[in-house]
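These are my notes on the structure, set out as numbered points. Please read them with the coordinates open.

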Amino acid sequence: RANSFGGNNAPSAASSSSSSASGGGGDAPLDGEPARPIVPPGASLQMFGSSRNHFGNDSADLDMCLMVPPVGGLKQHSSNSSSSSSSAGGLDPLMAAPPPDNKAEIVEAIEEVLASVAASSSSSSSSSSSSSSSSSPPLGMIEHLTSRPTARIPVVNFEIDGKDCDISVHNPLALRNSDLLSVYARCDPRVRPLAFIVKHWAKRRKINNAAEGTLSSYVPICF
């Protein structure tokens, strides 16, 4: 659920998933050293888009990205960046960190973890569903799980309780854009209702899908 992630103060999800995701991958150990996990410690699952800035409705997609700390950790990156005031611009070190070079691996690891969760949920609910006449899936069931690790933006897509969800890897620009719209909404209470109208207008005219060669929903709202 969108509200369960806590908005701008989204809790770290990698602490629970990194151990599972790293079980089947990671760099090969050298000289007896343990393998580096695919999802490193300190990664944080955060929302972006309408789920973060509340510019959507109840049927809006849940967009998330896994923010990954740099190799060597945030402390080392922060100390290296502090010598140049323009390198981080006063941003959260996680937001200013460079993107990881193994996005495809991370997306595959996320899909593996979600598939394991879906299989576990399915087996645990099989007995209760057999005694029920309802054909609808139980609440919280992960369905239609797919991934595109080789896409320009590697992403995992799935559905929970009829809500479309996706998880990408390290997209700080999306977080900043989402927060920018939140600032606009705090400056003037008319911004958010106007954004609903503009998004509805763009959707009806089918000009709100960047994947189909039109504009993303973020662009007309900025206009």
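1. I begin with Arg 192, which counts as partly exposed because its relative accessibility is 27%, a value that falls between the 20% below which a residue is buried and the 50% above which a residue is exposed. Arg 192 belongs to helix H8, and its C-alpha lies 8.8 Å from the C-alpha of Ser 182, a residue 10 positions away in sequence. Please keep in mind throughout that this is a predicted model.

2. As for the overall layout, the protein chain holds 9 helices and 5 strands, and, read from the N terminus, these elements follow the order α-β-α-β-α-α-α-α-β-β-β-α-α-α. The chain has 223 residues, of which 33% count as buried.

3. How many salt bridges are there? The count comes to 2, and one of them joins Arg 52 to Asp 179, with 2.8 Å between the closest N and O atoms. Since Arg 52 sits in helix H2 and Asp 179 in helix H7, this pair ties together parts of the chain that are 127 residues apart in sequence. The two partners may be described separately: Arg 52 is buried, with a relative accessible area of 6%, whereas Asp 179 is partly exposed, with a relative accessible area of 22%.

4. Another salt bridge is formed by Arg 190 and Asp 188, whose closest N and O atoms are 2.7 Å apart. Here Arg 190 counts as exposed, at 63% relative accessibility, while Asp 188 is partly exposed, with a relative accessible area of 22%.

5. The largest pocket deserves a careful look, and the space in this pocket comes to about 1,700 Å³. Its lining is made up of 37 residues, and those that lie nearest the centre of the pocket are Phe 48, Asp 63, Asn 208, Ser 216 and Ser 217. By residue class, the lining divides into 14 nonpolar, 16 polar and 7 charged residues.

6. Which element gives the most to the lining of the largest pocket? Helix H7 does, with 5 residues. The elements that each supply at least two lining residues are helix H2 (50-53), strand S4 (155-160), strand S5 (163-169), helix H7 (172-187), helix H8 (191-204) and helix H9 (218-222). Helices H2 and H7 therefore appear both here and in the salt bridge between Arg 52 and Asp 179.

7. Ser 216, which is among the residues nearest the centre of the largest pocket, is placed in the loop between H8 and H9. At 29% relative accessibility, Ser 216 counts as partly exposed, and its C-alpha is separated by 9.8 Å from that of Lys 199, with their positions 17 residues apart along the chain.

8. On the surface, Leu 180, Val 183 and Tyr 184 make a nonpolar patch of about 230 Å². Of this group, Val 183 is found in helix H7 and counts as partly exposed, at 34% relative accessibility; that value passes the requirement of over 30% relative accessible area for a residue to be part of a patch.

9. Two histidines merit a check of their backbone angles. Phi of His 54 is positive, near 60°, although this residue is not a glycine; His 54 lies in the loop between H2 and strand S2 (62-67) and counts as partly exposed, at 48% relative accessibility. His 170, also a residue other than glycine, has a positive phi of about 50°, and its place is in the loop between S5 and H7. Is His 170 buried or exposed? With a relative accessible area of 5%, His 170 is buried, which follows because the cut-off for burial is under 20%.

10. Finally, His 170 can be set beside Ile 153, since the two are 17 residues apart in sequence and their C-alpha atoms are 9.9 Å apart in space. Ile 153 is located in the loop between strand S3 (142-148) and S4, and at 44% relative accessibility Ile 153 counts as partly exposed, in contrast to the buried His 170.

Technical notes. Residues numbered from 1 in each chain as written. Predicted model: local features only at pLDDT ≥ 70, side-chain atom pairs only at ≥ 80, totals over all residues. Heavy atoms only, no water. 1 Å grid on protein atoms, 1.4 Å probe; cavity = no way out; pocket = protein on both sides within 12 Å on 5 of 7 lines; lining within 4 Å. Points joined across faces, edges and corners; volume = space filled by probe spheres on them. Helix = DSSP H or I, 4+ residues; strand = E, 2+ residues; numbered from the N terminus. Nonpolar A, V, L, I, M, F, W, Y, C, P; charged D, E, K, R; others polar. Patch = residues over 30% accessible without salt bridge, like charges linked within 9 Å, V, L, I, M, F, W, Y side chains within 5 Å. Areas by Shrake-Rupley, 256 points an atom, 1.4 Å probe, with all protein chains shown as cover. Salt bridge = Lys/Arg side-chain N within 4 Å of Asp/Glu carboxyl O. Buried < 20%, exposed > 50% of the residue type's maximum accessible area, 1.4 Å probe, protein only.
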